[in-house]
Amino acid sequence: MTNKIVRWGFWISILCSLLLGVILFALCSGSVRIPVKRIMEVMLGAGSATEYSILFDIRLPRIILAFAIGGALSVSGVILQGVFRNPLVEPYTLGISGGAALGVCLAIVLRLGCIIGVFSLPFFGFLGAGLIIVLVYSLSMKKNTLKVQGLLLTGVMISFVTSSLIMLIMAVSRAEDLHGIVFWIMGSLEEPSWFLIKLAVVVSIFGLFISYLFCVSLNAFSLGEEEALHLGVNVERTKRLLFILASLLTGCSVAITGIIGFVGLVIPHFTRMFAGEDHRILLISSFLCGAGFLIFCDTLARTIISPMELPVGVITGILGGTLFVYTLNKRKSIPGGKWLSK
Amino acid sequence: MRLFLKECIVFFVFLCVVAQGHAAGAPPQRIISLGPTVTKSLYLLGAEDRLIANTVYCSSPPGAREKEKIGTATRMNVEKIFNLKPDLVLATSLTNPGAKEKLKNLGINVVTFPAPVDFSRMCEQFLELGKLIGKEKEAEKIVKEARDKAISLREKTEGLSKPKVLVQIGAHPLFVATERYFVNDYIEFAGGVNIAKGAKEGIYSREQVLVADPAVIIIATMGIAAEEEKEIWRKYAKLSAVKNDRIYIVETDKLTSPTPVSFVKTLEEMVSILHSGEMR
């Protein structure tokens, strides 16, 4: 037991220091080079006003948002993969992102933006995500039990339907609306509103905290629903709460930043490779790993072909995908393989 | 005499203001353009020395290529823009709304010029731009010339035939110029009838084209797709445009990124395309 705690402590401290390193790297890099030493000086008030603004008004909000969204998506991925016992499930599989995208598209095309200004797109995104969650959830409830396989299939089908509807909207929308939709779908961490950034941080930390209360249940789930029941877990209630929690985390993330793929799928698997299957460590390390990964990817996205900025999804996809396949081939056992063999 | 004196005083005051440069209300001195059309307009107004940066798409006039680049028209580097300390950023409807909002929050003056729906709106926008950068007179002169020329071209074509025209600006799906798009003005000013004028959306079916039977089809280059599209239209031998070999290819840039000046130039080309046989 103590051995385990030492190992966990080791991984958490490694991940925390990596996260700090990535944050410093992200603060330093950009079209204006500000070395680490200079950051300290600027923090103490010695730098120019421009440097101060670049660090704290432009770079820091992006870093904080990437931290929150990366963490939220990863935790949501861990929860869903745990509940579904399926290694291919990710936050976007259940149609939540599709619902959010549909909400945003409708808001753009119907010009609902003027009603509540800056917050309109996140609001309608969240509304769309919420409606899809309710729909998928109620369709999968049979005799008061939540059928996870049915939920998965319904979710996949609904995401096909929403993506077709989005295509329909894009086909008939005006050119200027089309740009708005494409922007949003590509996903971006450039968020002008501090309120939404703070909201994302609160939601992601809250999500981590609540999901941590269920870490033992999640461990029981990995043995199978029936086994979990025998171990004394209130399976139905836990499934429902965890599904709603993961949906809220995803819905919030998608509503604020648009669709940023791969984080929620790859990070949980990647973390499992070194931290192990135990959800007590998996949840925290996935959160830290996802946060650091997204900050790193976003920094690459804005610097790699500067002054142009790539959509961050491009980097998360390429980097996450190749890194994952590489690590997978290096190892003999497949993470989550026990689910596949069942 | 008194009027002359007044004018002199006004001119003197104007000179003082210009000399002071950064005095309150002075025209912006460090401008960043976020779109090729805006860049072209700034050059037309003779404000190129005040343009400090533009996008990687801004390649005409040649001088614009040499300016500092801040990204593409859709994705720009906020940090770089901020670091260049502009006093005016000219955005378009393509500009990333988040980035625009961010710049505004940082205290930068951002003005948006959306894509114009017709020639008169295009002229108004050009005048607004002139006013904004303190080149009102130049803008008025350019717009007046363009308007006069457009009117005279219109008058010239009035007595001529009115061919049915289709302007195709996108393939897969077939996308055509409707009334909601200033390209429609090219057709009407040049004395043609736009068969897709009443269409609600730009997406159009080939069947509708066959029914309307345009006498002229104009295709925007769209990279390399135009030749292919021309071949596709050629398969419909019954179309008047095919029978009389009147399918033309026009550069996309000329058709879709206009200033009042380039509008008139393209309009001239349109007139010669539509009335090639009649205007001798």
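How many bridges join strand β1 (residues 31-33) of chain B to β4(B), and do the two run parallel or antiparallel? Three bridges join them, and the strands run parallel. Keep in mind that this is a predicted model.

Let's stay with β4(B) for a moment. This strand spans residues 88-92 of chain B and is mostly covered, with four of its five residues buried. Besides β1(B), β4(B) is joined to strand β5 (residues 110-113) of chain B, again in parallel, this time by four bridges. The pairings look like this:

| Strand joined to β4(B) | Bridges | Direction | Residue pair |
|---|---|---|---|
| β1(B), residues 31-33 | three | parallel | I31(B) with L88(B) |
| β5(B), residues 110-113 | four | parallel | V110(B) with V89(B) |

Helix α5 (residues 97-105) of chain B completes a right-handed β-α-β unit with β4(B) and β5(B).

Now over to chain A, which holds 16 helices and two strands. Its radius of gyration is 20 Å, close to the 20 Å that the globule rule gives for 342 residues, so chain A is as compact as a globular protein of that length. Along the principal axes, its C-alpha atoms fill a box of roughly 65 × 55 × 35 Å. Buried residues account for 47% of the chain. Among contacts in chain A with a separation of 6 or more, 76% link residues 24 or more positions apart.

Finally, the two chains meet: 25 residues of chain A are in contact with 26 residues of chain B. On the chain A side, α3 (49-84), α7 (148-172) and α8 (175-186) each give two or more residues. That side has eleven nonpolar, eight polar and six charged residues.

Terms used: Residues are numbered from 1 along each chain as its sequence is written. Chains are lettered from A and ligands numbered from 1 in the order in which they are written. This is a predicted model: local features need pLDDT of at least 70, side-chain atom pairs count only at pLDDT 80 or more; totals for chains, interfaces and linings use all residues. Two residues are in contact if their C-beta atoms, placed from the backbone, lie within 7 Å. Ala, Val, Leu, Ile, Met, Phe, Trp, Tyr, Cys and Pro count as nonpolar, Asp, Glu, Lys and Arg as charged, and the others, Gly among them, as polar. The radius of gyration is taken over C-alpha atoms; the globule rule is 2.2 Å times the number of residues to the power 0.38. A residue is buried if 20 or more other C-beta atoms lie within 10 Å of its own, exposed if 12 or fewer, and partly exposed in between; C-beta atoms are placed from the backbone. Two strands pair if DSSP finds at least two bridges between them. A crossover is right-handed if, with the strands pointing away from the viewer, the path from the first strand over the helix to the second runs clockwise.
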